[in-house]
Amino acid sequence: MVIVMRENATDQQINDVAEKLHEYGLDVHKVVGTQRTILGAIGDVGNVDHRAFKIMDGVFEVHRISEPYKLAGRIFHADDTVIQVDNAVFGGNQVTVIAGPCSIESAEQLLTIAKAVKNAGAKVLRGGAFKPRTSPYAFQGLGVEGLKILKDVSKECNIPTISEVMRESQLDIVAEYVDILQIGARNMQNFPLLSEIGKTRKPVLLKRGMSARIEELLMAAEYIMAGGNYQVILCERGIRTFENYTRNTLDISAIPVVKKLSHLPIVADPSHGTGLRNKVAPMARAAVAAGADGLLIEVHHDPDHALSDGPQSLLPSQFSRLMEEVRMIAWAIGRKID
Ligand code: PEP
Ligand code: MN
């Protein structure tokens, strides 16, 4: 942490700041310039609230120079984390696609979609059983019955699965039936849930909250990793901005930013990121070009009658075409989609 004093800061004010740094157990490196004095804090600043210094008399600005996410950050873990779930690999050279319906609606529905997406090259089957719906009157998911369908279809099609866990009391049952746990955007900062997931050793896909900064996403990952679960896949799924043509604004720039700050894989979800079927493919292509380690795409064979998110779901034929396109894009940037 670096504290820049005001030009007219008095010796007393500078000493008060240095004294406070000492109280936190930090060493102080003082640089006296011609205009102003700068104090560098040396030591573990993890528990220091920088605002305590910002409000002190004579202080101009305070800069944090080390990141608060130690386990999720690249500083102590330079190499990319690679997470393998059966044949699906997240991180490294592979670009891996997760696909399936928003909600599991019936065994027939899921099997039809699973066969189509697997055939086109998806490596993980998605399907929500516990759905976080804006309206309490909307379809809330089939619950455990849906998880059972997901497991049966997974076995029949030989494909690993992902499904959302919304609360701590669902964790054991969801973990029993699926290969990857999904934390939805609305739960990104449900810290008790994150801590419980940290105690499991299940891979987890953590979605960015719709109003979360990248740093907050990485701190949410840190919660899971602090419990010893290092298998965290991050997901950019769009954020709220002033633009309302699309459902959310898919923050493509978050992908290279996260790749620089963190060793964890990041996938993009252009389905929730745009909310519009005809915008999914362009944004999926852009995400792969920007360096995403994977995609999460909603697919439905009869989207007009889907129980959730039909307007943003691709038809199987559109999904197959998209897979061909992203294969070429991955190849063009030295990566591959098996
Ligand atoms: C989902 O993946 O179906 C979902 C509800 O996503 P999000 O949490 O990103 O809204
Ligand atoms: Mn959905």
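## Two domains, a ligand and a manganese ion

The domain assignment, which is automatic or comes from a database, splits the chain into domain 1 (2-63) and domain 2 (83-332). Taken over C-alpha atoms, the centres of domain 1 and domain 2 sit 44 Å apart. Bear in mind that this is a predicted model, where local features need pLDDT of at least 70, side-chain atom pairs count only at pLDDT 80 or more, and totals for chains, interfaces and linings use all residues. Residues are numbered from 1 along each chain as its sequence is written, chains are lettered from A and ligands numbered from 1 in the order in which they are written, and side-chain values use heavy atoms, with hydrogens and water left out.

Let's start with ligand 1. It is surrounded by 13 residues, and the closest are Arg126, Ala185, Arg186, Lys207 and Arg237; a residue counts here if one of its heavy atoms lies within 4 Å. That shell breaks down into 3 nonpolar, 3 polar and 7 charged residues, with Asp, Glu, Lys and Arg as the charged class. The table lists some polar contacts (pairs of N or O atoms within 3.5 Å).

| Residue | Protein side of the pair | Distance to an oxygen atom of ligand 1 |
|---|---|---|
| Lys131 | side-chain N or O atom | 2.9 Å |
| Ala185 | polar backbone atom | 2.8 Å |
| Arg237 | polar side-chain atom | 2.6 Å |

On its own, ligand 1 has 300 Å² of accessible area, and the protein covers 97% of that. The areas come from the Shrake-Rupley method with a 1.4 Å probe.

Next up is the manganese ion (ligand 2). Its protein donors are Cys102 (SG), His272 (NE2), Glu298 (OE) and Asp309 (OD), lying 2.0 to 2.4 Å from the metal. Donors are N, O and S atoms within 2.8 Å of the metal (3.2 Å for Na, K and Ca), and water is not among the atoms, so sites may look incomplete. Along the chain the donors are spaced as C-x169-H-x25-E-x10-D. Glu298 belongs to strand β14 (residues 294-298) and Asp309 to the loop between β14 and α11 (316-332), so the pair ties together parts that are 11 residues apart in sequence. Helices (at least four residues) and strands (at least two) are DSSP runs.

Asp309 is buried, at a relative accessible area of 17%; buried means under 20% with a 1.4 Å probe and protein chains only. Glu298 is buried too. From Asp309 to Phe76, 233 residues apart along the chain, the C-alpha atoms are 40 Å apart.

Finally, take Asp251, in the loop between β12 (232-236) and α8 (254-261). Asp251 counts as buried at 15% relative accessibility, and its side chain makes a polar contact of 2.9 Å with that of Arg208.

Methods:
A polar contact is a pair of N or O atoms within 3.5 Å; within protein, one must be able to donate a hydrogen and the other to accept it, and residues adjacent in sequence count only if both atoms are side-chain atoms. Buried means under 20% relative accessible area, exposed over 50%, partly exposed in between (1.4 Å probe, protein chains only).
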